[in-house]
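The following note sets out comments on one sheet and its surroundings. Please read the points alongside the structure.

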Amino acid sequence: MAPGENETDVQTPRKRLIIKSATGGPKLTSTQTPATQFEVAEPPKDAMSALVFAPDAANRLLVSSWDKNLYLYEVGEGTDETKLIKTYPHRAALLNVCFGANENEAFTAGGDMRVMRIDLETGEQTVISKHKEPVRCVVYSREHSILISASWDLTLHIHNLADRSSPSSPLEIKLPGKPHAMSTSPSKVVVAMTARLVHIYDLPTIAAALAKFDGTNAAEIDIQPWQQRESSLKFLTRAVSCMPNDAGYATSSIEGRVAVEWFEDTAESQARKYAFKCHRQAAPEEEGSIDIVYPVHALAFHPVYGTFASGGGDGTVALWDAEAKRRMRQYQKFPESVAALSFSSDGKYLAIGVCPGFETGKMEDYTGEGRTKVFIRELGETEAKGKGPK
Amino acid sequence: MGKKKRAHPDVEELLARPWCYYCEREFEDLKLLISHQKAKHFKCERCGKRLNTAGGLSVHMNQVHKESLNCVENALPNRQALDIEIFGVEGIPEDILQQHNQRIIQNYYTAQAERRAATGNPPPGQSRGQGPAKKIKQETPDELKQRLAAHRAKLAAQKAAAANGTVIAPEAQGQSPGQGVSANFHNPLIPGSAADLPGSRDLHQISPFPPPQPGFPYLPPGGIVPGGVPGVPSYSPSQTYPPSYPPGPSPPPGASGAFNLPARPPSNPPVTSALPQRPPYYYNGHGNGTPTPAFPRSPSTVDDLVVNAGRGGDDIDQLIRMAEAGIKPQQQKNGAAEDGAAGEKKSKKDKEKNTRMIYGDSEISPEEKMIAEPRYRFVAEVA
């Protein structure tokens, strides 16, 4: 049953290893390189809200922080050094960040209700959109050159950035609830809101609507969600992440659970969806048989293998195989709650942002100062690779 | 003789073979097994280091790579647990060990019966004349006619072939059930052939009874089995056979040779100690040794699968694959299901289990609360 496993295999382990590596070639040596993980030297000075690798430059990392700064890091090739390249101060705490059309463009979602475009090269900042409440999330679709921001003023603002002559005022979509998480796949945008509302928008539809939009005829343009769903999770949604293959998405909630769903609206596809518990711990014995349930703050899909990582308030990161419905790995506990996760575009690195979590009712003296850290994990070649359904 | 014995090791030999708890593979000796386990199940996928036990690997992963090991690699679905410390054949839980032994015994007797049926050889220690005739088979006139026709056709074909100058290897198609399986003859544990036996359809489900049992119904009432009828079916590698085999009722046409086998009298080799624990699957109330003639033989899809898988080849890997395929369904019923899909249901049932949520506000997100704090609140500059 096992190729290469034959009955003449009686050499000592050490000897065998040498023989194997001599015949196994580069593949084996790469799997034998132990995965390394290192801490970024100059982390944000307060809690982080998001962390994202650039889609084309695998070593560029942006971190948005509650300390009103956007941080740009560069992961050193082959070294343990990640350098802080630049910080971009803002007027208010940042709630989200995403890369734009290239590795030098970024958009931030600010507590000052603005969406900013940042030129990472020059540091030039432009106001793209103004909401009436803080902006929770911002996503950019490279396929359609569309920027979407979601704010607690219950709107989505949509900008067409491909055509600079297009109106500067955004196309607005009303939301039925406060948005908490948003993610794009090549053709869809998933917005998760309060009251377990999930709206999925079709990007080509949005693009078509934008083409008709001249800045004044907003009333005539009515963009309806492609699908409206109720979250599979009973509690407040914490994170959404779309599969890189455009097939579906995963959501996580404050109640230690992750759900995996598919876009396709057929009975078979919907029957495939599932949810599972994670990021839980047994409470100390004096409390009896109680499970402490942590919120799952972060989800990220691996760009190559389609597996995904989840990070929770328990300070752990787990790798999951969505197809096989198995946990592949669980990494050692981090000192604080895992707030954000991102895979680099080549799938080689996993960035893990940790900062103190939020205990209910203990918000008054909350600070992430000195306890906010960024870890970069260099993944082994097959570390995030699923085994396929069993 | 020695060599022959090698080809068909007896049941004690088979039971004494070391096998891997994680993948049910058998090995020639312990050294091989241990090296297999180190390579397949206890190898660190990060650095290739081979540890001696799953526990050792877990500690290694923890200390060296700061990762936690969740399951044993390459293990059967319900054998991935880390809490069982396995080294070689040490540490295998008693129930699993017994299951394994039973399966070995099953396979052995099925294969043996098949072999005997195929060759018509009497069991060891019996002379030819004493044993049952090689093939006692009563055929219906129709069948006889059919056979005659087939024979004639074959002769004609041979003649024709001879006329053409080619030689056709004599093939006994459908005439001797024995020859049909003789290709598998050299391996006593051929899964495929074993699974072909009507009486062994449920072999993979670890039937509690030895395959030869279906032969019972063809014994005349008040059979000549020495020692009476066995109370508990048991096996002996060196049993004696009943002195004669009644030519009376014959197996139904098309039945394989297993039906011609005489019953085995009981004996008590050490291996039988594993037997009483078997749950009586089909012979409920089997106390006096009279088996119910209705032996279930409707093949399930799994059986079919196994049969097909087993037909592919006859090497030992095939055997293991078959063993795996054979065991899996049952184990999934018993064990794996619990931690799999059933686990989900179970957890839903256990909803009452107390949980304490770290963040319990399902209306307002932590970010909203944070931004409301003076520390983070945005105050527009007074222009």
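1. In chain A, strand 15 and strand 16 form a hairpin with 3 residues between them. Within the turn, A195(A) has a positive phi of about 55 degrees. Strands (E, at least two residues) and helices (H or I, at least four residues) are DSSP runs, numbered from the N terminus.

2. This is a predicted model, in which local features need pLDDT of at least 70 and side-chain atom pairs count only at pLDDT 80 or more, while totals for chains, interfaces and linings use all residues. Residues are numbered from 1 along each chain as its sequence is written, with chains lettered from A and ligands numbered from 1 in the order in which they are written.

3. Strand 15 and strand 16 of chain A pair in the antiparallel sense over 5 bridges; two strands pair if DSSP finds at least two bridges between them. K188(A) stands opposite D202(A) in strand 16 of chain A.

4. The hairpin strands belong to an open sheet of 4 strands in chain A, ordered 14-15-16-17 with antiparallel pairing. Its edge strands, strand 14 (179-184) and strand 17 (227-230), each pair on one side only. Neighbouring strands are turned by 20 degrees against each other on average, direction ignored; axes are lines fitted to C-alpha atoms, for helices over the stretch in contact, and angles run from 0 to 180 degrees between N-to-C directions.

5. Strand 16 (residues 197-202) of chain A also pairs with strand 17 of chain A, in the antiparallel sense over 4 bridges. Here V198(A) stands opposite R229(A), and H199(A) opposite Q228(A).
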